[in-house]
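Please work through the following exercises on symmetry, interface, core and salt bridges with the sequence and model at hand. Each task is followed by a solution in steps.

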Protein chains: 2
Amino acid sequence: MPKLDLDSIEQTNRTGYPAPYDQEVSGRWYRRLAPAGGLTQFGVSQVTLKPGAWSSQRHWHDEEDEFLVMISGEAVLVEDEGPTVLRAGDCAAFPAGVKDGHHLRNESDSDCVFVVVGSGAGGTGGYSDIDMMWTADDRYVHKDGTPY
Amino acid sequence: MPKLDLDSIEQTNRTGYPAPYDQEVSGRWYRRLAPAGGLTQFGVSQVTLKPGAWSSQRHWHDEEDEFLVMISGEAVLVEDEGPTVLRAGDCAAFPAGVKDGHHLRNESDSDCVFVVVGSGAGGTGGYSDIDMMWTADDRYVHKDGTPY
(Lines give C-alpha, C1' and ligand atoms only; values in the text may rest on other atoms or scores of the structure.)
Protein backbone atom coordinates (compact mmCIF):
# COMPACT_ATOMS: atom_id res chain seq x y z
CA MET A 1 0.00 0.00 0.00
CA PRO A 2 1.81 3.15 -1.16
CA LYS A 3 -0.03 5.50 1.24
CA LEU A 4 1.90 5.36 4.48
CA ASP A 5 0.02 4.71 7.70
CA LEU A 6 1.99 7.37 9.55
CA ASP A 7 0.51 6.58 12.96
CA SER A 8 1.80 3.02 12.70
CA ILE A 9 5.40 4.11 12.08
CA GLU A 10 7.55 4.45 15.18
CA GLN A 11 7.97 8.04 16.32
CA THR A 12 11.08 8.72 18.37
CA ASN A 13 13.02 11.58 19.90
CA ARG A 14 16.25 9.58 20.04
CA THR A 15 19.49 11.44 19.45
CA GLY A 16 23.14 10.51 19.49
CA TYR A 17 24.16 14.06 20.48
CA PRO A 18 26.37 14.21 23.55
CA ALA A 19 25.13 16.30 26.49
CA PRO A 20 24.42 19.16 26.68
CA TYR A 21 23.69 19.35 22.94
CA ASP A 22 20.87 16.82 23.24
CA GLN A 23 18.70 19.20 25.25
CA GLU A 24 17.46 21.38 22.39
CA VAL A 25 16.33 18.37 20.35
CA SER A 26 14.46 16.54 23.11
CA GLY A 27 11.19 17.87 21.67
CA ARG A 28 12.02 16.71 18.14
CA TRP A 29 9.92 13.66 17.29
CA TYR A 30 10.61 11.92 13.98
CA ARG A 31 9.53 8.98 11.89
CA ARG A 32 11.79 7.37 9.28
CA LEU A 33 9.51 7.03 6.28
CA ALA A 34 11.82 5.52 3.67
CA PRO A 35 12.26 2.08 5.24
CA ALA A 36 8.57 2.02 6.18
CA GLY A 37 7.72 2.64 2.53
CA GLY A 38 10.24 0.19 1.10
CA LEU A 39 12.51 2.93 -0.26
CA THR A 40 16.27 2.44 -0.26
CA GLN A 41 17.59 5.09 -2.66
CA PHE A 42 17.19 8.16 -0.41
CA GLY A 43 16.13 9.01 3.13
CA VAL A 44 12.87 10.70 4.17
CA SER A 45 11.66 11.59 7.62
CA GLN A 46 8.56 13.24 9.00
CA VAL A 47 9.57 15.52 11.88
CA THR A 48 7.34 17.12 14.51
CA LEU A 49 8.86 19.90 16.60
CA LYS A 50 7.21 20.63 19.92
CA PRO A 51 7.16 24.29 20.97
CA GLY A 52 10.72 25.29 21.81
CA ALA A 53 12.33 22.32 20.08
CA TRP A 54 15.11 22.48 17.50
CA SER A 55 15.40 20.15 14.50
CA SER A 56 19.13 19.66 15.22
CA GLN A 57 22.13 21.68 16.20
CA ARG A 58 22.91 24.12 13.38
CA HIS A 59 24.76 21.88 10.89
CA TRP A 60 25.76 21.26 7.32
CA HIS A 61 26.54 18.09 5.32
CA ASP A 62 29.81 17.94 3.43
CA GLU A 63 28.63 15.32 0.94
CA GLU A 64 24.84 14.97 1.18
CA ASP A 65 22.13 17.13 -0.39
CA GLU A 66 19.17 17.87 1.91
CA PHE A 67 15.69 19.26 1.22
CA LEU A 68 12.71 20.06 3.41
CA VAL A 69 9.11 21.10 2.99
CA MET A 70 6.93 22.46 5.78
CA ILE A 71 3.64 20.64 6.24
CA SER A 72 1.94 22.49 9.10
CA GLY A 73 2.65 25.07 11.74
CA GLU A 74 5.55 27.47 11.69
CA ALA A 75 9.29 27.16 12.20
CA VAL A 76 12.23 29.53 12.06
CA LEU A 77 15.05 28.49 9.74
CA VAL A 78 18.33 29.82 11.13
CA GLU A 79 21.52 30.14 9.11
CA ASP A 80 24.53 32.48 9.09
CA GLU A 81 22.58 35.35 7.58
CA GLY A 82 19.79 35.12 10.17
CA PRO A 83 16.27 33.79 10.66
CA THR A 84 13.59 33.04 8.06
CA VAL A 85 10.06 31.95 8.94
CA LEU A 86 8.79 28.82 7.17
CA ARG A 87 5.10 27.96 6.90
CA ALA A 88 3.09 25.18 5.23
CA GLY A 89 4.24 24.69 1.66
CA ASP A 90 7.54 26.52 2.09
CA CYS A 91 10.56 24.61 0.83
CA ALA A 92 14.28 24.87 1.57
CA ALA A 93 17.27 23.24 -0.11
CA PHE A 94 20.71 22.63 1.39
CA PRO A 95 23.29 21.55 -1.17
CA ALA A 96 26.13 19.32 0.01
CA GLY A 97 29.29 21.14 0.98
CA VAL A 98 27.83 24.58 1.69
CA LYS A 99 29.33 25.26 5.12
CA ASP A 100 26.51 27.53 6.28
CA GLY A 101 24.85 25.62 9.10
CA HIS A 102 21.08 25.44 9.25
CA HIS A 103 18.38 24.22 11.57
CA LEU A 104 14.73 24.84 12.36
CA ARG A 105 13.48 26.16 15.67
CA ASN A 106 9.88 26.01 16.73
CA GLU A 107 9.41 29.39 18.38
CA SER A 108 5.62 29.13 18.21
CA ASP A 109 3.13 27.84 20.78
CA SER A 110 2.02 24.87 18.65
CA ASP A 111 3.61 21.83 17.07
CA CYS A 112 5.02 22.18 13.58
CA VAL A 113 5.60 19.38 11.10
CA PHE A 114 7.98 19.09 8.17
CA VAL A 115 9.25 16.40 5.82
CA VAL A 116 12.98 16.22 5.18
CA VAL A 117 14.81 14.33 2.44
CA GLY A 118 18.50 13.37 2.37
CA SER A 119 20.23 11.73 -0.56
CA GLY A 120 21.78 9.06 1.62
CA ALA A 121 25.26 10.00 0.41
CA GLY A 122 26.41 10.00 4.03
CA GLY A 123 29.85 11.42 4.76
CA THR A 124 31.00 14.04 7.21
CA GLY A 125 29.48 17.28 8.44
CA GLY A 126 29.95 20.15 10.80
CA TYR A 127 28.20 22.42 13.29
CA SER A 128 28.27 26.19 13.13
CA ASP A 129 27.75 27.16 16.75
CA ILE A 130 29.38 24.43 18.81
CA ASP A 131 32.70 22.57 18.97
CA MET A 132 31.43 19.45 17.23
CA MET A 133 31.50 17.68 13.88
CA TRP A 134 30.64 14.19 12.74
CA THR A 135 32.81 11.59 11.06
CA ALA A 136 32.10 9.45 8.01
CA ASP A 137 31.34 6.56 10.38
CA ASP A 138 28.83 8.74 12.26
CA ARG A 139 30.70 9.55 15.45
CA TYR A 140 30.44 12.97 17.09
CA VAL A 141 33.85 14.49 17.80
CA HIS A 142 35.35 17.84 18.74
CA LYS A 143 36.63 19.94 15.86
CA ASP A 144 40.19 18.82 16.73
CA GLY A 145 39.07 15.21 16.22
CA THR A 146 38.98 14.16 19.89
CA PRO A 147 35.93 12.09 20.78
CA TYR A 148 33.08 13.12 23.06
CA MET B 1 19.37 31.41 0.43
CA PRO B 2 18.08 27.95 1.35
CA LYS B 3 14.39 28.97 1.44
CA LEU B 4 13.20 28.68 -2.13
CA ASP B 5 11.36 31.59 -3.69
CA LEU B 6 8.77 29.32 -5.27
CA ASP B 7 7.05 32.07 -7.22
CA SER B 8 10.31 32.85 -9.02
CA ILE B 9 10.81 29.26 -10.21
CA GLU B 10 9.36 28.49 -13.62
CA GLN B 11 6.03 26.67 -13.46
CA THR B 12 5.17 24.63 -16.53
CA ASN B 13 2.60 22.15 -17.77
CA ARG B 14 4.95 20.73 -20.42
CA THR B 15 4.71 17.05 -21.18
CA GLY B 16 6.38 14.71 -23.62
CA TYR B 17 3.36 12.40 -23.69
CA PRO B 18 2.08 11.66 -27.18
CA ALA B 19 -1.55 12.56 -27.95
CA PRO B 20 -4.07 11.67 -26.69
CA TYR B 21 -2.28 10.84 -23.41
CA ASP B 22 -1.26 14.45 -22.92
CA GLN B 23 -4.82 15.59 -22.33
CA GLU B 24 -5.22 14.42 -18.75
CA VAL B 25 -2.03 16.17 -17.63
CA SER B 26 -2.70 19.54 -19.26
CA GLY B 27 -3.79 20.88 -15.86
CA ARG B 28 -0.65 19.61 -14.11
CA TRP B 29 1.64 22.55 -13.34
CA TYR B 30 5.04 21.78 -11.88
CA ARG B 31 8.23 23.44 -10.72
CA ARG B 32 11.57 21.62 -10.64
CA LEU B 33 12.94 22.52 -7.21
CA ALA B 34 16.21 20.59 -7.10
CA PRO B 35 18.10 22.61 -9.72
CA ALA B 36 16.61 25.84 -8.34
CA GLY B 37 18.00 24.91 -4.92
CA GLY B 38 21.38 23.74 -6.16
CA LEU B 39 20.64 20.06 -5.48
CA THR B 40 22.04 17.41 -7.79
CA GLN B 41 21.69 14.14 -5.83
CA PHE B 42 17.94 13.63 -6.21
CA GLY B 43 14.98 15.24 -7.96
CA VAL B 44 12.20 17.24 -6.28
CA SER B 45 9.21 18.92 -7.85
CA GLN B 46 6.30 20.93 -6.53
CA VAL B 47 3.18 19.96 -8.47
CA THR B 48 -0.17 21.76 -8.61
CA LEU B 49 -3.10 19.86 -10.06
CA LYS B 50 -5.99 21.93 -11.34
CA PRO B 51 -9.46 20.41 -10.81
CA GLY B 52 -9.75 17.40 -13.11
CA ALA B 53 -6.04 17.10 -13.78
CA TRP B 54 -3.93 13.97 -13.37
CA SER B 55 -0.34 13.91 -12.13
CA SER B 56 0.64 11.51 -14.95
CA GLN B 57 -0.67 8.48 -16.71
CA ARG B 58 -0.74 5.62 -14.20
CA HIS B 59 2.90 4.48 -14.18
CA TRP B 60 5.70 2.79 -12.30
CA HIS B 61 9.48 3.15 -12.36
CA ASP B 62 11.56 0.02 -12.86
CA GLU B 63 14.69 1.46 -11.25
CA GLU B 64 13.80 4.65 -9.38
CA ASP B 65 12.29 5.09 -5.92
CA GLU B 66 9.62 7.79 -5.70
CA PHE B 67 7.99 9.53 -2.70
CA LEU B 68 5.32 12.19 -2.37
CA VAL B 69 3.77 14.30 0.36
CA MET B 70 0.54 16.25 0.00
CA ILE B 71 0.80 19.91 0.88
CA SER B 72 -2.72 21.26 0.36
CA GLY B 73 -6.04 20.27 -1.12
CA GLU B 74 -7.09 16.74 -1.88
CA ALA B 75 -6.13 14.18 -4.50
CA VAL B 76 -7.09 10.60 -5.25
CA LEU B 77 -4.21 8.15 -5.49
CA VAL B 78 -5.14 5.39 -7.93
CA GLU B 79 -3.38 2.04 -8.12
CA ASP B 80 -4.37 -1.52 -9.02
CA GLU B 81 -6.29 -2.05 -5.80
CA GLY B 82 -8.31 1.13 -6.22
CA PRO B 83 -8.51 4.73 -5.03
CA THR B 84 -7.18 6.31 -1.82
CA VAL B 85 -7.77 9.93 -0.86
CA LEU B 86 -4.69 11.96 0.10
CA ARG B 87 -4.86 15.17 2.12
CA ALA B 88 -2.30 17.61 3.54
CA GLY B 89 0.42 15.73 5.37
CA ASP B 90 -0.34 12.36 3.81
CA CYS B 91 2.67 10.57 2.36
CA ALA B 92 3.05 7.80 -0.22
CA ALA B 93 6.07 5.75 -1.24
CA PHE B 94 6.62 3.93 -4.52
CA PRO B 95 9.62 1.59 -4.46
CA ALA B 96 11.44 0.96 -7.73
CA GLY B 97 10.32 -2.12 -9.62
CA VAL B 98 6.85 -2.53 -8.13
CA LYS B 99 4.79 -2.85 -11.31
CA ASP B 100 1.60 -1.44 -9.77
CA GLY B 101 1.05 1.82 -11.60
CA HIS B 102 0.08 4.90 -9.62
CA HIS B 103 -1.03 8.44 -10.23
CA LEU B 104 -2.95 11.23 -8.53
CA ARG B 105 -6.20 12.66 -9.83
CA ASN B 106 -7.65 15.90 -8.61
CA GLU B 107 -11.34 15.07 -8.41
CA SER B 108 -12.07 18.10 -6.21
CA ASP B 109 -13.21 21.60 -7.14
CA SER B 110 -9.98 23.28 -5.95
CA ASP B 111 -6.29 23.09 -6.74
CA CYS B 112 -4.20 20.60 -4.83
CA VAL B 113 -0.45 20.76 -4.29
CA PHE B 114 2.07 18.03 -3.56
CA VAL B 115 5.84 17.64 -3.47
CA VAL B 116 7.36 14.61 -5.17
CA VAL B 117 10.89 13.23 -4.84
CA GLY B 118 12.67 10.85 -7.20
CA SER B 119 16.08 9.35 -6.59
CA GLY B 120 17.34 10.29 -10.03
CA ALA B 121 18.22 6.67 -10.79
CA GLY B 122 16.47 7.03 -14.14
CA GLY B 123 15.87 3.89 -16.15
CA THR B 124 12.77 2.47 -17.71
CA GLY B 125 9.14 2.39 -16.64
CA GLY B 126 5.69 1.33 -17.66
CA TYR B 127 2.04 2.36 -17.73
CA SER B 128 -0.79 0.28 -16.35
CA ASP B 129 -3.74 1.44 -18.40
CA ILE B 130 -2.35 2.31 -21.83
CA ASP B 131 -0.11 0.77 -24.48
CA MET B 132 2.97 2.78 -23.53
CA MET B 133 6.26 2.49 -21.70
CA TRP B 134 9.40 4.59 -21.60
CA THR B 135 12.95 3.68 -22.47
CA ALA B 136 16.17 4.30 -20.53
CA ASP B 137 16.86 7.21 -22.87
CA ASP B 138 13.41 8.68 -22.09
CA ARG B 139 11.48 7.91 -25.24
CA TYR B 140 7.82 6.89 -25.14
CA VAL B 141 7.15 3.69 -27.06
CA HIS B 142 4.42 1.10 -27.46
CA LYS B 143 4.76 -2.00 -25.31
CA ASP B 144 6.09 -3.86 -28.38
CA GLY B 145 8.86 -1.25 -28.63
CA THR B 146 7.59 0.62 -31.67
CA PRO B 147 7.86 4.40 -31.32
CA TYR B 148 4.99 6.85 -31.04
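The exercises below concern a predicted model.

**Exercise 1. Determine which symmetry relation connects chain B and chain A.**

Solution.
1. Superpose the chains: chain B can be laid on chain A by a turn of 180° and a shift of 0.0 Å along the axis, with an RMSD of 0.0 Å.
2. Such an operation is the relation of a two-fold axis.
3. Locate the axis with respect to chain B: B:I71 is the residue of that chain that comes closest to it, its C-alpha lying at 3.1 Å.
4. Compare the contact surfaces: 100% of the contact residues of chain B recur in chain A, and the same surface thus serves both copies.

**Exercise 2. Describe the interface of chain B and chain A: how many residues are in contact, and what area is buried?**

Solution.
1. Count the contacts: 40 residues of chain B are in contact with 40 residues of chain A.
2. Take the area: the two chains bury about 3,000 Å² between them, and 70% of it is on carbon and sulfur atoms.
3. Find the principal contributors by area in chain B: B:P2, B:K3 and B:Q41 lose the most area to chain A, together 20% of what that side buries.
4. Turn to the polar component: 12 residue pairs are in polar contact across the interface, both residues being at pLDDT 80 or more.
5. Count the salt bridges: there are two between chain B and chain A. One of them joins B:D90 to A:K3, with the closest N and O atoms 3.7 Å apart.
6. Assign the secondary structure: β4, β5 (74–79), β6 (82–87), β7 and β9 of chain B each supply at least two residues of the side that touches chain A. Strand β4(B) gives the most to that side, with five residues.

**Exercise 3. Identify which residues touch the most other members of the largest nonpolar core, and which elements supply the core.**

Solution.
1. The largest nonpolar core has 32 residues, of which A:F67, A:V69, B:F67 and B:V69 touch the most other members.
2. In chain A, α1 (33–37), β4, β7 and β9 (112–118) each supply at least two residues of this core. In chain B, α1 (33–36), β4 (66–72), β7 (91–94) and β9 (112–118) do likewise.
3. Examine B:V69, leaving aside its neighbours within four places in sequence: its contacts in chain A are A:V69, A:I71 and A:V115. Within chain B, its contacts include B:G89, B:C91 and B:F114.

**Exercise 4. Explain which parts of chain A the salt bridge of A:R58 and A:D80 ties together, and state whether each partner is buried or exposed.**

Solution.
1. The closest N and O atoms of A:R58 and A:D80 are 2.9 Å apart, and the two form a salt bridge.
2. A:R58 lies in the loop between β2 (43–49) and β3 (59–61), and A:D80 in the loop between β5 (74–79) and β6 (82–87), so the pair ties together parts that are 22 residues apart in sequence.
3. A:R58 counts as buried at 9% relative accessibility, whereas A:D80 counts as exposed at 52%.
4. The pair belongs to a network of salt bridges that links A:R58, A:D80, A:D100 and A:D129.

**Exercise 5. State where the partners of the salt bridge between A:R87 and A:E74 lie, and classify their exposure.**

Solution.
1. The closest N and O atoms of A:R87 and A:E74 are 3.2 Å apart in this salt bridge.
2. A:R87 is in strand β6 and A:E74 in strand β5 of chain A, 13 residues apart.
3. A:R87 is partly exposed at 46% relative accessibility, and A:E74 is partly exposed at 32%.

Notes. Residues are numbered from 1 along each chain as its sequence is written. Chains are lettered from A and ligands numbered from 1 in the order in which they are written. This is a predicted model: local features need pLDDT of at least 70, side-chain atom pairs count only at pLDDT 80 or more; totals for chains, interfaces and linings use all residues. Side-chain values use heavy atoms; hydrogens and water are left out. A salt bridge is a side-chain nitrogen of Lys or Arg within 4 Å of a carboxyl oxygen of Asp or Glu. Helices (H or I, at least four residues) and strands (E, at least two) are DSSP runs, numbered from the N terminus. Buried means under 20% relative accessible area, exposed over 50%, partly exposed in between (1.4 Å probe, protein chains only). Copies are superposed by least squares on the C-alpha atoms of residues with pLDDT of at least 70 in both. Contact means heavy atoms within 4.5 Å. A nonpolar core is a set of buried Ala, Val, Leu, Ile, Met, Phe, Trp, Tyr and Cys residues joined through side-chain atoms within 4.5 Å. Buried area is the accessible area (1.4 Å probe) that two parts lose on being put together, summed over both. A polar contact is a pair of N or O atoms within 3.5 Å; within protein, one must be able to donate a hydrogen and the other to accept it, and residues adjacent in sequence count only if both atoms are side-chain atoms.
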